[in-house]
Amino acid sequence: MTSRRAALVDWAHGAAEDFEFTAAREWIAERAGRKAAGYLPVYAPREVIRASSLLPVGVHGAGEQIEIIRGDAFYQSYICHLPRSVIELAQSGRLSFLSAMLFPSTCDVIRNLSGVWQLLYPDLYVRYLDLPQVFDPHLSLEFWAGEIRRLAADLGAVSGAPATDRTWREAIASQNRARALIRALYQVRRESPERVPTEELFLMLRAGEVVPVEVFIEKMEEYLAETEESPGPPRDRARVIVVGAFCEQPPLGLIKTIERAGCSIVDDDFLLGNRLLGDDVPTDGDPVVALAEAFLRNARATSTVYEPDPAAKRELMRRRAEASGADGIVFAAASFCDPALLDRPMLRAGAEAAGIPCIAFQFAENTGQFQQFREQAGTFADSIKLWGPGQ
Amino acid sequence: MLLQKEMIAAHYRRLEQAPETGEPVVYTFVPGNLTELIRSFGALPVLPEINALQSAMRGKSQAYIAAAERSGHSEDVCSYVKCDVGMLRSGNVGPTGTRLPKPDLLLLSYTGCFTFMKWFELLREEYGCPTVFLHVPYQADGRETPEQRAYVTRQIREELLPALERVTGRRYDEDRLRQSLAISASSEDDLVAVLESAKRRPSPIDAYFGAVYYVGPIFSAFRGTEDGARYYAALRGEVEERASQGLGPLTPSGPLDRQKYRLVVEGPPNWTHFRDFWRMFSDEGAVVVASTYTKVGGTYDGGFRHDPADPLGTLADYCSGCYTNLSLPARVEMLVRYVREYDADGFLIHSVKSCNSFSAGQLTILRAVERQTGVPGAFIESDLVDARYFSPANLKTRLESYFQMIDARRAGARA
């Protein structure tokens, strides 16, 4: 690894695990009147936040870095870990720099977390984002565009600088660029996994959630260049897709464990919201309509949005395996994650019907022991290499 | 009770015969159920949650859950779903012992519960029948906006009506729907009178355990039907008669006329040990005077009535207002109102592992209600239909401690 690449990874690691959100706080402090808005997983339109002159900040839990002191008093043991670490961040004052919080319609836990926020922080702007679940283009476009307009108006009131034609286009263009770079990084990893260890990809994406998009673009451009400069040696590994970790994020140790046990991750759901829109959003025409249409026409299939086509649900794993050249699928869902765990039997049945080997396990963002995962992933990789498709 | 049993048994028999009689069958959910509309097309509703809870009350749910888990379903997810999937895989014999027909349409009223979406995607895999998704926006700001109402109404008009016409072969008959909605409104008046009878001392009803029987017909297949209207008129008469005589409800411990504790309860009951659970309250002289579970199929005591003058708009309003579609502040407001209006001694949350729509955030609700009312709150946990999570000794101990705490508060107040 070059020193430049090592420095980039260090930067990403530092930003990803900085639960004081220093980069966002510094951005706010640079100019009087600047404010930031937080958002929960999976998908919130960052363009609306940025166009409304606020800094978007992803709040994706606190992994294993923060000890949960207050958060457990808010959630029962049978609810996933994410909300308790998010509450911990808030109750410890680490989110005090946020002027707004957005809660997308990911599941009932995140939906109700919006209500917890309303009760705990009545003076903060709190918004539940009801993503459209109906795919009749007229019905859903009218609804979702209306929601975006209302959100933009509200955020404009929070920031004191409502979105203008210029800020809309700048925000959309910069998010388009960020998404393009993420797509490019995924392509490099797909084509040459040895060039992009997933732990590095994951850290870059996670850093991108908490720094201004311009900073992310600059760092990603440098990192992508470095993947050309310093490829690792090709390795004989099983190519796998990690499915189900789209909301609560796995600990970095779990990702390292999977790859060190003989697998190369060639596709995944990590921080899925940053690339949920599969294509660029047009920068001409009505920006609200453009953004709404982009979601309705180009959003990737995910467990958090209704799939109107039953065949598509059955076909999804086969299509993803073909597109990524994967040999097998690792279903890795957060414990008690309803969307991922309820989807798993359907997705797995589709994969197995297509002859794709699968394994499944569950994690929590603060999981600290990886021996069991190492055994499972290692055995899975061996079985693919010995008996998998093409052997 | 007998009348309701006969109605339910007749409905399940009719469902069993549907493949022969040709009556179309629509599967849908309790919150946001559009029973009047379904029936106006001559179709029969099937409610999977009702099948799951009825299976649990008859001791059948554990085997169904085990069957679902063997087929790859996680222990972590909703036990209603697994009970339903397991029942299907075990021959689809319903709780009353009659076979359930396949659906001609899955009507996913996406009201107040994310799991509903996955549940019907799973059922669609099994049945391969048409599915309509009715997206009911969450009432995050505590009220239905005109835009949300228009969105739901348009979905009903432009998506659901054509689908029902295709599946049933009948045209939409608005006059028939209006008649049914008028019957609904009358039944809703009766149900509210029954529920509000608990404001009396002694309360003639138990508004949680007893009331799950009272809401059964209106939450399931009988809202807007003549049978339903007869049931609610009879129920109201019976409860008013008990109230006039100063009688309490009938419970597993016998008549509960001497009521020591008046409670408000949040959350669904446990169904696998329903009577044992109820007895833990009634043995201690505790009566539930108001509950939120009895509002998952409609918040009629908040004033809503189905309005025959605006048939599709009123269905949208109904869907939006179901309890689990309300924001947490709105839920707190309802609970605080109950504690005050029903003069409750305590407020209890029964949190179930299966249902994040209810459970996530309940500890914050508990603190908010305690703070606003000053009455002591308590928190107990089990599950809907998975008996592995029902721990009788633990629950009994917690409840006994809670009742002692209420006694201590009273003693303190007198001193």
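**Close-up views of a predicted two-chain model**

**View 1. The two domains of chain B meet across a broad set of residue contacts, with 46 residues of domain 1 of chain B touching 44 residues of domain 2 of chain B.** In this predicted model, the side of domain 1 of chain B that touches domain 2 of chain B draws at least two residues from each of α1 (2-21), α2 (35-40), α3 (48-57), α4 (61-70), α5 (79-89) and α7 (146-168) of chain B. By residue class, that side of domain 1 of chain B divides into 23 nonpolar, 17 polar and six charged residues. The domain assignment places domain 1 of chain B at residues 2-172 and domain 2 of chain B at residues 177-414, and the centres of these two domains, taken over C-alpha atoms, are separated by 23 Å.

**View 2. Four strands of chain B pair in parallel to form an open sheet with the order β2-β1-β3-β4.** The edges are occupied by β2 (44-46) and β4 (131-135) of chain B, each of which has a single partner strand, so one side of each is left without a neighbour in the sheet. From one strand to the next, the twist averages 25°. Helix α1(B) packs on the sheet and touches β1 (25-27) and β2 of chain B, and its direction makes about 115° with that of β2(B).

**View 3. Strand β3 (residues 105-110) of chain B runs parallel to β4(B) and is joined to β4(B) by five bridges.** Y110(B) stands opposite H135(B), which belongs to β4(B). S109(B) also lies in strand β3 of chain B, and S109(B) counts as buried because 26 C-beta neighbours fall inside 10 Å. Although S109(B) and G32(B) are 77 residues apart in sequence, their C-alpha atoms are 5.7 Å apart in space. When residues up to four places away in sequence are not counted, S109(B) touches T28(B), F29(B), P31(B), G32(B), N33(B), L34(B), L134(B), V136(B) and C319(B).

**View 4. Strands β9 (residues 346-352) and β10 of chain B run parallel and are joined by six bridges.** Within this pairing, I380(B) in β10(B) is the bridge partner of H350(B). Five of the six residues of strand β10 (residues 377-382) of chain B are buried, so this strand is largely enclosed by the rest of the structure.

**View 5. The contact between chain A and chain B takes 44 residues from chain A and 43 residues from chain B.** On the side of chain A that touches chain B, at least two residues are supplied by each of α5 (108-120), α6 (137-159), α12 (310-324) and α13 (338-353) of chain A. The largest share of this side of chain A, eleven residues, comes from α5(A). The residues of the side of chain A that touches chain B divide into 26 nonpolar, eight polar and ten charged.

**View 6. The largest nonpolar core holds 263 residues, of which I329(A) and V264(B) touch the most other members.** Domain 1 (2-172) and domain 2 (177-414) of chain B both give residues to this core, so the core lies between them. With residues up to four places away in sequence left out, I329(A) touches V240(A), I241(A), V243(A), M317(A), A321(A), A351(A), I356(A) and C358(A). In soluble globular proteins, nonpolar side chains tend to be buried together.

Methods
Residues numbered from 1 in each chain as written. Chains lettered and ligands numbered in written order. Predicted model: local features only at pLDDT ≥ 70, side-chain atom pairs only at ≥ 80, totals over all residues. Domains from an automatic or database assignment. Contact = placed C-beta atoms within 7 Å. Nonpolar A, V, L, I, M, F, W, Y, C, P; charged D, E, K, R; others polar. Pairing = 2+ DSSP bridges. Axes fitted to C-alpha atoms, helices over the stretch in contact; angles between N-to-C directions. Core = buried A, V, L, I, M, F, W, Y, C linked by C-beta atoms within 7 Å. Buried ≥ 20, exposed ≤ 12 C-beta atoms within 10 Å, placed from the backbone.
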